[in-house]
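Subject: A structure for you to look through

Hello,

I am passing on a structure that I have been going through, and I would be glad if you opened it beside this message. Please read slowly and find each part as it comes up.

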Amino acid sequence: MNGMRFIVTYNCNFSCSSCRYKCGPYKKGVMDSNIFRNKALKLYEEGYKDYLIIEGGEPFLHIGTIYKYLKKIKNIDSKKYIITNGFWGKMDTYLYSLSDLKEMGLYGIIIEYDYFHSAFIDILTIKSAIEKALLNGLNISVRAAFLTRDISVKADIITFEYIKEIRKNYKNIGYIFEDANFKKQSLLIKPKSAIREKVIFYNDFKASKKSDAAICKLDS
Ligand code: SF4
């Protein structure tokens with residue numbers, strides 16, 4: 001399994017304490033669509049063909065640029081995903097935005113939700129986001145970060161309860177559990193085969209040492 005991941009912005013409407021890229025409202029800018037296209041085409045030719053992930057920050061804050069990205073990589077035959085915090089869940093206009101994105105080749109969305117995100121968004125909004133994605137026939141996963149493997153701290157117990165609550169309504173969507181300490185690679189479409197993933201960062205990534213460590217882990 002070979003794929004590519006683009007961290008297109010560090011701009012986010014949330015500022016989760018768990019954020020591996022230390023994103024937040026005060027971080028500005030988004031990757032240029034031509035740079036995005038050129039890097040994507042190059043990696044595709046190098047064999048990173050199975051999936052392409054657009055991540056931030058919050059990509060949906062830059063929906064116009066996301067449209068441009070998808071248009072420019074229309075001919076790339078990879079499964080294309082966007083990772084989002086789902087803030088748009090209760091906004092009807094995003095029902096149509098998702099439809100447009102699907103038309104442009106989007107395969108699925110991955111919605112982040114756990115204890116850390118719950119400081120900024122409630123579970124009902126996340127469920128509404130899932131509904132909108134389902135209505136558009138998109139593949140959906142919920143991604144949650146845990147601090148411990150045995151769910152032995154309060155934050156993890158709360159995250160586990162959230163996941164149970166979401167699973168009550170949505171058994172057939174995907175669930176991705178990550179190490180909040182960034183020691184492990186994100187497990188997207190994994191199972192048995194090894195994942196080779198290239199990560200391209202928006203160019204102002206000078207960030208923190210913690211995030212630099214994450215780059216090494218991810219860019220294997
Ligand atoms: S929503 Fe995601 S990108 Fe935004 S601050 Fe939280 S973890 Fe970071």
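What follows is a description of the fold, then of two neighbouring strands, one helix residue and the surroundings of the ligand.

Please keep in mind from the start that this is a predicted model. The protein has 6 helices and 7 strands, and if you follow the sequence from its beginning you will meet them in the pattern β-α-β-α-β-α-β-α-β-α-β-β-α. Of the 220 residues in the protein, 53% are buried.

A good place to begin is strand β1, which covers residues 2-7. Because 6 of the 6 residues of β1 are buried, this strand is largely enclosed by the rest of the structure. Its side chains fall into two sets, with N2, M4 and F6 pointing one way and G3, R5 and I7 the other way, and all of them are buried. Strand β1 runs parallel to strand β7 (residues 196-201), to which it is joined by 6 bridges, and within this pairing N2 stands opposite R196.

Strand β1 also pairs with β2, again in the parallel sense, over 5 bridges. Two pairs of residues will help you to find this contact on the screen: G3 has Y51 of β2 as its bridge partner, and F6 has I54 of β2. Between the two strands the chain passes through helix α1 (residues 33-45), and the β-α-β crossover made in this way is right-handed.

Strand β2 itself, residues 51-55, is mostly covered, since 5 of its 5 residues are buried. Here Y51, I53 and E55 point one way while L52 and I54 point the other way, and every one of these residues is buried.

Which strand, then, pairs with β2 in the parallel sense over 4 bridges? The partner is strand β3, residues 79-84, where I82 is the bridge partner of I54. The connection is made by helix α2 (residues 63-72), and together β2, α2 and β3 form a right-handed β-α-β unit.

Helix α2 holds a residue that deserves a separate look, namely L70. Why does L70 count as buried? Its relative accessibility is 0%, and a residue is called buried when this value is under 20%. Along the chain L70 and I54 are 16 residues apart, and their C-alpha atoms are separated by 10.0 Å.

Finally, please turn to the ligand, which takes up the space of the largest cavity. The residues around the ligand are C12, F14, S15, C16, C19, C23, G57, N85, E112 and H117, and this shell divides into 5 nonpolar, 4 polar and 1 charged.

If you would like to retrace the description, you could start from I54, which is the bridge partner of F6 and also of I82 in β3, and then move on to the residues around the ligand, with C12 and H117 among them.

With best wishes

Notes
Residues numbered from 1 in each chain as written. Predicted model: local features only at pLDDT ≥ 70, side-chain atom pairs only at ≥ 80, totals over all residues. Heavy atoms only, no water. Buried < 20%, exposed > 50% of the residue type's maximum accessible area, 1.4 Å probe, protein only. Pairing = 2+ DSSP bridges. Right-handed = clockwise from strand over helix to strand, strands pointing away. Near = heavy atom within 4 Å. 1 Å grid on protein atoms, 1.4 Å probe; cavity = no way out; pocket = protein on both sides within 12 Å on 5 of 7 lines; lining within 4 Å. Sits in = over half its atoms within 2 Å of the grid points. Nonpolar A, V, L, I, M, F, W, Y, C, P; charged D, E, K, R; others polar.
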